[in-house]
Amino acid sequence: MIQTTAWAQIREVKGTVTDSAGAPLPSASVNVKDSKTGTVTGKDGSFFLNVPQTATTLVISSIGYETREVPVSDGPVNVSLNPASTDLAVVTVVSVGYGTLDKKEVTSAITHLSGKDLNVFGGNAVLNSMQGKVAGLNVVNTAPSDPNASPSIQLRGVSSRNAGLGPLYVINGVPGGNVDNLNQNDIESIDVLKGGAASAIYGTRGSNGVIIITTKKGTSTSYAMYDGYTSFDLPTNQVKVLSPEEFVAHNRGTNYGAKTDWFKSVSRNYAFNQKHTLQFAGGSAKTNYIVSFDYRNATGLDLRSDKQEYGARLNLTHTSANNLYTATVNIAPRYLKSNNASYNAFNQSLTLNPTLPVHDTLNPNRFLFINTGFTGAYNPVEELKTVLSGTEGKYLDWNASFKLNLTQNLYSQITLGQQSNDFFDFGFTPSYNTGAINGNNGRNSANRNYNKNDQYVFEWIGNYKRNIKLHSFNLMGGYSYNYFVSSGMNAGNQNFPSDVLTYNNLGTGQYNIPIPTNPQPGDYTFRTVGSYKNDSKLIAFFGRLNYDLAKKYFLSASLRYEGSSKFGYDNKWGYFPAVSLGWNITKEDFFPKVDWLNDLKLRADYGETGNQDFGNYLSLDTYSGYGYFTFNGASYQVWGPSQNTNYNLQWEKAQNFNLGIDFDLLNRRLTGSINYYIRTNKDLLGYYNVPVPPFVQTTTFANVGTMKNSGLEIQLNARVAEKQDFTWSASLTGAINNNKFLSFSNDMYRGQNFQYMANMPAPGSPGPSQRLEEGRRIGSFYMYKSAGIDATGRLMVYDKSGNIIPGNTAKEDDKQFVGNGLPLYSASLGNTFTYKKLDFSVFFRGAFKYDIFNTTAFYIGTPVTQGGANVLQSAYGDGKYAALTNPETYSTLSDYFLEKGDYVKLDNVTVGYNFKSPIKQVSSIRLYGVARNLYTFTKFTTGDPESVSVNGLAPGVNTSLSYYPSTTQLLIGLQVKF
Amino acid sequence: MSIKTIKNKHMKYFTNKFFIPLYGAVVILFAGCTKLDETLYDRITSENFLQTRDDVIRDFLRAFEHAYWTIQGGGLFYAQELPGDQLMTPNRDGDWFDGGKYQRAHYHTWTIQDDYTSDMWNALFQGISLATNSLEDIEAVDINKVNITEAEKADFIAELKTLRAWFNLRAFDLYRNIPLVTKVKGETGMPPQATPEETFNFIEKELKDAIPGLPVRQDLGAAGIGRWTKGGAAALLVRLYLNAEVYIGQSKYAECAAVAQDIIDGKYGSYQLESSWYKPFDYDNAASGETIYGFPSTLARTHWHYSGDMYWWMGPHQAQNFFGFTNFGGMNTRYALQPGRDVDSVEYAFSMGKPFIKFQRYSDDFRLKKYKNLGNSQREGMFLYGYLPYYNNPSQFVKSNRGYTIFARDQVGWFKDTPPGEKPADKESNMNHADDNSGIWVAKYPIYPTGDPNAIASAYAEIRLAEVYYSLAECKYRAGDKGAAATLLNAVRKRNYPAGSASLYQSGGVQLNDQEMLDEWGREFLVEGRRRTDLIRWGKFNTGAWWDKQPDNDDHTKIYPIGQNVISLTPGLKQNPGY
């Protein structure tokens with residue numbers, strides 16, 4: 001009876017599902033609400049379904065789109081789905097290393113960025129696009145318009161002395177990933193593991209944080225996408241030197257009659273970038289693919305540098321029909337050819353006499369030979385135009401994994417991966433180069449260097465998941481084997497019969513004397529040949545338990561047992577434990593139900609991590625070749641101990657403690673997190689001074705010293721306005737970093753309680769400018785304290801008893817700590833507005849409370865700069881540097897040259913417009929424009945404060961006048977989806 | 001199909017076909033993939049190093065190669081010259097100020113922060129440690145395995161001990177209170193400092209023990225350059241005894257004279273003085289009968305005395321064009337002779353220093369000529385002064401990097417473009433007030449032009465037979481035998497002057513007095529890295545006055561302090577008195 005009624009009451013529903021642009025959506029699910037009845041749409045987005053008469057609502061969903069409910073009606077049901085927004089109500093999946101978690105379950109400090117949170121950056125190295133996006137993550141690129149420059153990345157402050165400071169990259173689950181082989185368009189998400197408990201699962205590589213990058217996967221809906229942009233970089237924040245007229249007027253040196261703007265002579269009008277990406281994706285829910293191709297062509301601001309590269313990335317996922325296994329393959333090849341920039345050419349452009357011509361007036365076909373002026377003067381235009389220097393490179397990264405679902409709750413997965421890169425560098429100086437004519441007897445010279453690096457990874461994990469009532473467990477265990485090998489060779493020769501051969505026929509060179517073993521300043525390199533090879537292994541066993549009770553209490557505990565071949569015989573293996581706890585307090589019954597607070601989670605975590613990013617074989621009793629000595633008329637290369645042995649050598653240890661809260665406020669209009677961390681790095685790796693005798697070398701590579709970083713980080717996202725046509729969202733990050741170098745000795749190694757840093761170069765050998773010293777913050781400037789200028793234009797300084805004395809009579813122990821080059825605060829603010837199809841975003845970024853030593857002003861910013869050299873405009877006039885008129889104190893390093901480094905940058909402005917596609921074959925078109933580094937608010941007087949790095953052990957000072965000009969980038973791009 | 005049936009099917013499948021091989025794989029992996037030994041490809045450890053005779057020679061030579069470097073490395077050259085009364089490194093218009101380091105060297109006001117007070121220690125003890133390491137390697141070697149004879153092994157050991165004595169003697173001279181090292185492998189702490197007497201006796205014994213096992217010069221021939229011989233070890237005894245009074249408060253001039261006489265008499269091998277002044281320094285000096293110990297040099301390989309810490313930076317910046325030798329890039333103004341005259345060209349009244357005037361006192365000295373490359377590996381003169389024409393274009397003159405043409409003179413001040421003979425208004429002349437015209441430059445070892453087959457080919461003559469003559473002369477002089485002293489000195493000096501020159505000392509030695517003895521040491525051994533030792537032995541180092549230098553308050557500076565970087569690392573290491 002009921003059945004009959006049911007049969008009788010059936011009805012037919014038809015319709016079409018499209019996306020917001022009107023393009024059909026195949027494979028979308030159409031289900032009757034609260035029933036099992038349902039179907040999927042066909043290729044044209046259409047569906048046909050028999051539903052009971054009682055059905056009132058259809059639920060229509062598709063991956064990547066917001067789910068909609070529509071009433072059942074008699075006519076065709078035509079539904080358009082909006083793309084899924086970044087609405088936090090949607091589950092955000094966070095990669096935590098060897099697995100993923102719902103963001104709500106995360107108990108450690110992890111910042112999740114989706115691909116679209118990244119800034120568009122027209123240049124090398126996609127990680128630039130993360131700049132300012134993650135509180136506590138410092139991305140420093142002092143030369144963004146150099147097409148070959150990569151940024152330095154540092155998380156939560158400096159963590160080591162001589163071992164690596166950069167984070168571990170994990171790309172698609174493979175640790176040690178190569179970020180240079182990434183197309184920004186391929187990035188799905190980036191998770192930054194800041195807390196030690198999260199990164200401890202990566203053991204000896206976790207101390208500097210872990211950045212997990214996941215590339216885009218295939219989709220069940222086919223699409224194709226093209227993205228292309230063109231950008232122009234124009235110099236900004238220029239360092240200004242005297243014009244030829246001013247140079248002559250100030251009697252800086254001989255007037256050779258020409259008027260040369262050396263900056264313009266070594267520069268292109270603009271640096272140029274173009275990049276094109278094509279992506280195809282498709283498949284089904286079980287088997288899908290995405291393949292992406294990109295091509296980039298870039299030129300730098302200097303006359304020589306450029307880079308052309310093309311690459312591809314394929315991701316293929318295959319799941320068996322019965323869900324028994326999933327196999328995935330990623331393959332990413334990339335080829336590049338680049339010519340190197342010359343940073344020294346810009347140094348020359350500052351210091352060269354502007355009355356010198358570029359070309360020899362007597363022989364206009366030839367460049368002018370220049371060897372006077374400032375230290376190391378030469379003709380930079382000639383260098384850029386005649387000296388070849390660059391590389392041809394290849395990357396091939398692939399990995400494959402096989403995941404076997406042993407039971408519904410248990411899976412095992414094996415991952416194999418390999419990353420290879422090889423670079424074939426070239427260099428050539430022709431015989432007509434005036435440097436070769438005057439310094440190398442007119443011999444041309446060429447060299448080629450081949451370097452190859454391979455990394456192999458094998459990982460095997462098992463994962464068991466179980467829910468028992470309110471308890472849920474997830475247990476993971478695994479094994480990891482990593483092998484790293486580097487090898488290479490170099491060859492060089494001189495005196496080739498023709499300059500036309502450049503570096504392509506080294507055998508024809510006629511110069512057959514070996515390289516001198518103690519090259520003197522200016523010594524030339526004769527024919528050279530060399531090769532090297534070294535390798536290392538890393539092996540680990542690891543496990544982790546994630547547990548939660550009613551999504552209210554969370555616990556994660558992990559342990560990694562890891563060893564590296566690099567460690568000394570007595571210290572091969574170490575344990576890296578971690579534990580973290582989370583408490584979603586809003587789920588407690590006692591917690592008052594307030595409208596404005598939707599979610600509040602308290603977290604605490606502790607983890608021990610390591611750092612083993614240092615050279616191979618450093619613990620061993622190695623002998624190597626030194627110079628030559630004669631024995632009975634025969635020349636022998638002598639061999640002797642090349643380092644002091646240290647069989648105790650081990651990883652650096654970091655103890656990481658983190659307290660944090662995550663919150664959702666005002667009905668998810670404001671979300672964010674706050675973290676407080678303390679990281680103590682112990683057994684710092686580095687060269688330590690040891691007594692000679694009995695040691696043969698004055699330093700031993702050893703574990704000595706303790707450094708502490710602590711700080712507060714805040715990250716906020718707000719949906720300020722959400723109207724029909726208008727939305728406004730904002731993001732804010734802020735970080736404070738406190739650093740202290742706690743101790744610099746232990747039972748074995750003692751006596752060196754400080755280390756000089758940032759040695760300043762000639763002329764004058766002013767000595768080091770900073771000290772890394774027990775009890776101090778890194779980046780502490782250690783120099784004389786200035787007491788102004790006396791009547792004769794001398795720089796006066798305070799001696800240790802407080803008397804004012806001329807700078808050139810001060811002694812070493814009159815030096816004091818006078819400032820610090822490490823920013824205390826950093827912050828960023830982003831705002832994104834959309835109005836109908838227009839979107840607009842503006843991003844500010846800044847660093848505060850730190851000093852920069854103005855190296856340029858110190859060397860060439862005063863009237864007493866060596867004659868014949870050009871100087872900064874600030875050397876004359878009323879400025880403080882113009883007052884230093886007495887050459888006696890030229891080399892006195894003092895805080896007179898310290899300036900506030902604080903800056904705020906209008907870093908990124910993006911405007912985009914989404915066109916409605918005029919033709920059926922195209923689903924969407926987006927046109928966008930970006931301006932980067934538009935304006936810098938700063939009191940720093942010479943150039944862009946960001947061209948002085950604040951990462952590393954000597955922040956806030958450049959130890960060379962070489963630099964790459966700061967630029968403003970204008971970019972226009974087009975994205976089309978098919 | 002329900003989920004349950006799928007699960008059961010899977011379980012069965014895995015139990016039988018998958019899990020067993022899986023477990024097998026686990027066992028193999030865990031056993032095989034937990035090894036973390038390092039594989040070396042492009043380097044060697046001591047365990048597998050010494051396999052052949054050549055390996056032993058390479059190991060043997062390690063400390064020798066380092067020894068050659070130490071003639072100038074770590075400040076070891078300038079620490080012997082700049083505190084003396086001959087060389088200077090003034091602040092030249094901002095160049096060579098270097099935090100006042102060289103001025104403190106001049107004024108004897110160095111501090112333990114001055115890098116060379118640590119660097120010299122490290123350089124010398126690195127040599128001592130390397131020699132000891134090689135000694136330990138070679139003493140342990142199985143002669144049959146590496147195919148050397150017992151005699152060769154004994155020779156290697158004797159030569160290494162002599163070399164170690166040479167390092168020890170220098171460390172003793174500079175620091176006096178030093179540790180005595182006889183073993184380094186496996187050691188982690190520095191041996192305690194020995195008393196000067198213990199060190200003196202140790203060096204004396206090591207040398208005396210080594211002499212019987214060492215070769216003699218004529219057996220090795222010209223190819224023996226760089227090898228320690230009986231003559232070399234005996235000459236080190238001469239150095240030790242000559243300075244014994246300074247070192248241990250007991251004079252050993254009689255012992256010194258005996259050994260020196262034996263060397264001259266050929267008891268330790270056959271040696272002859274050269275007949276021209278430049279021959280001991282010329283490209284073929286490896287074969288010279290005057291070279292008792294020398295370091296072999298070639299243009300393409302090692303040539304430390306032609307480095308920036310030594311003779312290459314003993315000329316104006318562009319002086320390479322004066323020599324016509326452009327392979328090494330620019331020269332540098334680091335070391336020049338202290339002035340004998342003020343800015344108005346009036347000779348200073350003090351008796352010490354004034355090295356160029358001391359040469360001019362015997363005006364027919366061949367060495368006084370301006371240096372000139374004559375072609376075909378020949379040169380004349382030893383000094384650079386006045387205008388310096390380019391070798392390849394004599395109408396062009398060497399200029400300062402500051403733009404003015406160099407006119408080098410025996411004066412210090414700011415002359416810049418002031419023409420020769422004109423008196424500048426600025427009368428200041430001191431270590432902080434010099435330009436590139438200030439001071440006369442020395443080219444003792446020839447710098448032949450680029451392309452000359454013998455450019456940069458001179459061995460560095462660390463011990464010359466002339467030193468033995470001068471040492472013996474000094475012993476005779478101190479014993480009151482001025483006549484014998486004059487004869488010995490003239491035996492060397494006669495090559496500096498025309499035949500029958502009045503510049504030779506009269507027989508009987510009436511011209512000889514303490515000042516003349518010291519002046520003559522200064523002439524013969526100018527820029528050879530020993531002036532400080534000679535001044536100390538003659539008691540003038542702390543009491544003498546010379547250009548921009550007053551006598552010291554006390555004599556604690558006659559030995560150097562142990563530098564901060566050394567002393568802070570070694571608890572228990574006692575600083576030298578007065579620092």
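Which residue stands opposite Leu549(A) in E27(A)? In this predicted model, the residue facing Leu549(A) is Tyr553(A). That pair is a handy way into a set of strands in chain A. Strand E26 of chain A covers residues 528–549, and E27 of chain A takes in residues 553–564. The two run antiparallel and are joined by 12 bridges. Together they make a hairpin, with three residues between them. One residue of the turn, Ala550(A), has a positive phi of about 55°.

E26(A) has a partner in strand E25 of chain A as well, which spans residues 471–494. Here the pairing is again in the antiparallel sense, and it runs over 22 bridges. Within this pairing, Asn490(A) stands opposite Gly530(A) of E26(A). As for what holds such strands side by side, the strands of a sheet pair through backbone hydrogen bonds, in either a parallel or an antiparallel way.

What about a single residue in this region? Ala557(A) is part of strand E27 of chain A. With a relative accessible area of 28%, Ala557(A) counts as partly exposed, because buried would need under 20% and exposed over 50%. The C-alpha atoms of Ala557(A) and Arg544(A) are 5.6 Å apart, although the two residues are separated by 13 residues along the chain. Arg544(A) is also among the contacts of Ala557(A), once neighbours within four places in sequence are set aside. The others on that list are Gly543(A), Leu545(A), Ala578(A) and Val579(A).

Chain A also has an open sheet of three strands, in the order E41-E42-E43 and with antiparallel pairing. Strand E41 (786–789) and strand E43 (804–806) of chain A sit at the edges with a single partner strand each, so one side of each has no neighbour in the sheet. Neighbouring strands in this sheet are turned against each other by 35° on average, direction ignored. Looking at one pairing in detail, E41(A) meets E42(A), residues 795–798, over two bridges in the antiparallel sense. Ile789(A) has Leu795(A) in E42(A) as its bridge partner.

Next come the aromatic rings, with 96 aromatic pairs over all chains. One of them brings together Phe263(A) and Phe346(A), with ring centres 5.7 Å apart and planes at 45°, so the pair is tilted. Phe263(A) belongs to helix H4 (residues 262–266) of chain A and Phe346(A) to helix H5 (residues 343–351) of chain A, so this pair ties together parts that are 83 residues apart in sequence. Both rings come from buried residues: Phe263(A) has a relative accessible area of 14%, and Phe346(A) has 0%.

Phe346(A) is not alone in being covered. In H5(A), seven of the nine residues are buried. Besides Phe346(A), these are Ala345(A), Asn347(A), Gln348(A), Ser349(A), Leu350(A) and Thr351(A). Their cover includes H4, helix H6 (380–386) and helix H8 (855–860) of chain A.

Ring pairs also cross between the chains. A cluster linked by ring pairs holds Phe629(A), Phe631(A) and Tyr636(A) along with residues of chain B, including Phe60(B), Trp166(B), Trp228(B) and Tyr293(B). Rings can have charged company too. In chain A, the charged end of Arg771(A) sits over the ring of Tyr782(A), 3.9 Å from its centre. In chain B, Arg478(B) lies over the face of Trp538(B), at 4.3 Å from the ring centre.

How is chain B built overall? Its secondary structure comes to 20 helices and nine strands. The C-alpha trace of chain B spans about 120 × 60 × 50 Å along its principal axes. Of its 579 residues, 63% count as buried. The accessible surface of chain B is about 20,400 Å², with 52% of it belonging to carbon and sulfur atoms. Among contacts in chain B with a separation of 6 or more, 68% come from residues 24 or more positions apart.

Helix H18 (residues 514–524) of chain B gives a closer look at burial. Nine of its 11 residues are buried, so H18(B) is largely enclosed by the rest of the structure. Among them are Met517(B), Leu518(B) and Trp521(B), but also Glu516(B), Asp519(B) and Arg523(B). The buried residues of H18(B) pack against several elements of chain B, including helix H11 (230–242), strand E9 (460–464) and helix H16 (465–478).

Notes:
Residues are numbered from 1 along each chain as its sequence is written. Chains are lettered from A and ligands numbered from 1 in the order in which they are written. This is a predicted model: local features need pLDDT of at least 70, side-chain atom pairs count only at pLDDT 80 or more; totals for chains, interfaces and linings use all residues. Side-chain values use heavy atoms; hydrogens and water are left out. Two strands pair if DSSP finds at least two bridges between them. Helices (H or I, at least four residues) and strands (E, at least two) are DSSP runs, numbered from the N terminus. Axes are lines fitted to C-alpha atoms, for helices over the stretch in contact, and angles run from 0 to 180 degrees between N-to-C directions. Rings of Phe, Tyr and Trp (its six-membered ring) pair if their centres lie within 6.5 Å; planes under 30 degrees apart count as stacked, over 60 as edge-to-face and the rest as tilted. Buried means under 20% relative accessible area, exposed over 50%, partly exposed in between (1.4 Å probe, protein chains only). A charge sits over a ring if NZ of Lys or CZ of Arg is within 6 Å of the ring centre and within 35 degrees of the ring normal. Contact means heavy atoms within 4.5 Å. Accessible areas come from the Shrake-Rupley method with a 1.4 Å probe; for residues, only the protein chains shown count as cover.
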